[in-house]
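Welcome to this set of exercises. Take a look at the structure below, then try each task before you read its solution.

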Amino acid sequence: MIIFVKDMRKLFLAVLSGLLLAFSWPAIGMFPLLFVGFVPLFILEDKTSRSNEKRKGLQVFAFSFLSFFLFNLFTTYWIYHATVFGAIAAFLVNALLMATAFWLYYFIKNTIGRGIWVLLVAWVSMEYFHLNWDLSWPWLTLGNGFANIPSIVQWYEFTGVLGGSLWILLTNFFIFKFLQTKHKGKALLKVTMLLIGPMLLSHYLSLKVNMKESTRLEVLIVQPNIDPYTDKFNVGFKEQLEDFITLAKTKLTEEIQLLVGPETALLEGVWENRIEATYSIRKFRELQKEFPNLNILVGASTYKMFVHGEEKTATAREIRNENTFYDAYNSAIFIPVSGEVQVYHKTKLVPGVEKMPYPNVLDKFVALAVDLGGISGSLGNKNEINNFNVDGVKVLPLICYESIYGDLITARETDVLCIITNDGWWKNSAGYKQHSSYARLRAIEQKKAIIRSANTGISSIITLLGAIEKQSKWGSKQIIKATIPIIKTKTFYSIYGDFIGRISAFILSLFFLIALVKKRIK
C-alpha cells in the first residue's frame, strides 16, 4: 500500500509537469507556466534519488517520459489532421529524447554532482541534436515558448532560442531550490533576479536597435486560401493561377517591387530545364508587362531532369521504362523584372513527408508518408541560390518548415527574410498559430524584417523587433500591401549561430565520460 501511494504521488507529479508545460505553450496557454513546468519533475527526481528503491534511474526515465509525452500530445496534437502515423511518431520520438536528456541529468548528477550545470548542458545538447539529425523536429525547443511575447527576449540576437531554453531551465531549478530551502529570503532574491534580469536586458536592447533605413521595399502579399484537401486537387492549375493573378491585381500598382505568393502557389508541375516555357511563368511575364517594376516570388513543386552523363543524386527518381532520371523539389521561384528565372530549393525537409530519414531502416514506412507540399517521398535538396536580388535588396527565401531553424540563416547575408508556407494542412488548430509566431523569433535573431505569405493564413509583416505590423485572418482570401524598411545590420547570432548548443554538447560529453569512469571505479 505504501509503495502504491508513493507511485501515485510520482504519477501525479509527472502528469502535473506535463500539463504545466503544455499549457505554457503559444496558442495553448500562458507563457509564465514555462518557469514552473519542470518543478514537479525536479521534486520527483529528488525524492527518487534520495529513496532506497531499486531501479531509480528507470523510474526517473519512465515518469519523465510520461510528462514529456503529455507535453507533446497537448501542444502538437494537430499533426494528426495530416497524418496519424506521423503524429504518433513525433510524440514518441520527442518524448524519448526529452526523457533521455532528463535521465542524463539524473545519472551524471548522482555520479559526479554539479546538478545545475548537468541539467543545462544535457537539455540544450538534446535540443541542439534535435535541430540537426535526420529525424529533426525542434517544434518544442523550450525557447520557442516566448514566441508570442518577443519583447522579453530581444537578447535572442545573441543566443538564439537555445538561450531561452537556458533561462527556462535555470528559473525552474531555482524555484525548486526555493521550495526546498529554509532560507527563503536569499532564494527568493535569486529567483526574482533570474526572472526580471533578462526582461530588463531585453527592454534595454530594444531601445538600442539601429533603425536607420538604407532603402525601402514595396511589397504585396497574396493569400489565395486554397484548401489543400479539396481545391488543390479539384480545380485546374490554370484556373487557380488566374484566381491568384486576379486577386493580386486588386491591389497591384506600378510602385510594387515584389509580389509574394505562398508555398506551392503554382500547382503546375514546373520543369526547371525548360522553365521559361512553363504556362505559369509565361502568365507572370505577361503580368510584368502591365507592371514593369514587378518582381515575383512564389512557391511551386519543381522537377529537374538529369542530362546524359550527369551524376545522379541519392534522391533521383526514374521515369518508368525510359532510363531517364529526375529530382523533385519543394521550391521558391523568383521571376525578376529582367534576367532569367531563379529557383531556390528547400533544404530543410520534413522527415517522413519530404524525405525518408535513414532509408536503409525506414524505407518500409514510405507508404505512410503524407503529401504536405505537392510531392511526397524523398525530395532533392541540392541548392545553389541563397538570396534573390530585388532592386539591390537581398531577399532570403525560407520555405515552411525552414522557418523554425534559426541557425539555417546564419552566414547567409540578407536584407529581409521572406517565408512562404502552406499551413492549411493543420486546419484551424494551434499548429498554424504556433508556426506563425515562431517567425517573430527569426526576426529578433537576425534583426531583419520578415515577409510571410501563407496559403490559408496567417500572412504577415513582422518588424525586426518581432512585432506584427500587419497580418491576415485565417481561412480567407486576402492581400497585404506594405512598405518594408531595409536596415543593414548584423547580429552576434547571425554570425555564430547555435554556439550554445555546440558548447553544451562538448561539455556534456566530458561530464558523461567522467561519470562513466567514476561509475566503473566504484
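**Exercise 1.** Which residues are buried in α2?

*Solution.* Begin with the ground rules. This is a predicted model, in which local features need pLDDT of at least 70 and side-chain atom pairs count only at pLDDT 80 or more, while totals for chains, interfaces and linings use all residues. Residues are numbered from 1 along each chain as its sequence is written, and side-chain values use heavy atoms, with hydrogens and water left out.

Next, the terms. Buried means under 20% relative accessible area, exposed means over 50%, and partly exposed lies in between (1.4 Å probe, protein chains only). Helices (H or I, at least four residues) and strands (E, at least two) are DSSP runs, numbered from the N terminus.

Now the answer: V39, P40, L41, F42, L44, E45, D46, T48 and S49 are the buried residues of α2. That makes nine of its twelve residues, so the helix is mostly covered.

**Exercise 2.** Check the length of α2 against the expected span, and do likewise for α5 and α15.

*Solution.* The expected span of a helix is 1.5 Å times one less than its number of residues.

- Step 1: the twelve residues of α2 (residues 39-50) should span 16 Å, and its end C-alpha atoms are 17 Å apart, which agrees.
- Step 2: for the 18 residues of α5 the expected span is 26 Å, and the end C-alpha atoms are 26 Å apart, in agreement.
- Step 3: the 23 residues of α15 (residues 499-521) should span 33 Å; the end C-alpha atoms are 34 Å apart, which agrees.

**Exercise 3.** Describe how α5 and α7 pack together.

*Solution.* Start with the geometry. Helix α5 (residues 115-132) and helix α7 (residues 161-180) pack at an angle of about 145°, and their axes are 10 Å apart. Here axes are lines fitted to C-alpha atoms, for helices over the stretch in contact, and angles run from 0 to 180 degrees between N-to-C directions.

Then list who takes part. From α5 come I116, L119, L120, W123, V124, E127 and Y128, and from α7 come L162, S165, L166, L169, L170 and F173. Contact means heavy atoms within 4.5 Å.

Look at the spacing of those numbers with this in mind: an α-helix has 3.6 residues a turn, so residues three or four places apart point the same way.

Finally, α5 as a whole is mostly covered, with 15 of its 18 residues buried.

**Exercise 4.** Is T171 buried or exposed, and what is T171 in contact with?

*Solution.* First place the residue: T171 sits in helix α7. Its relative accessibility is 1%, so T171 counts as buried. Leaving aside neighbours within four places in sequence, T171 is in contact with F35, L194 and L195.

**Exercise 5.** Which residues of α15 are buried, and what covers them?

*Solution.* The buried residues in α15 are I500, G501, S504, L508, F511 and A515. Their cover includes α4 (84-112), α5, α6 (156-159) and α7.

Now zoom in on L508, which lies in α15. L508 has a relative accessible area of 12% and is therefore buried. Apart from neighbours within four places in sequence, L508 is in contact with L104, I108, V121, A122 and S125.

**Exercise 6.** Find what is noteworthy about the backbone at C400, K447 and I458.

*Solution.* Take them one at a time.

- C400 has phi near 50°, a positive value in a residue other than glycine. C400 is in the loop between β9 (393-399) and β10 (416-421), and at 13% relative accessibility C400 counts as buried.
- K447 has phi near 55°, again positive in a residue other than glycine. K447 belongs to the loop between α13 (430-446) and β11, and its 4% relative accessibility makes K447 buried.
- I458 follows a cis peptide bond from G457, with omega near 5°. I458 is in the loop between β11 (450-454) and β12 (460-462).

**Exercise 7.** What is the average pLDDT of the protein?

*Solution.* The pLDDT is the predictor's confidence in each residue, from 0 to 100. The protein averages 90, and 94% of the residues score at least 70. Over residues 369-376, however, the pLDDT is below 50, and this stretch has 32 contacts in the model beyond near neighbours in sequence.
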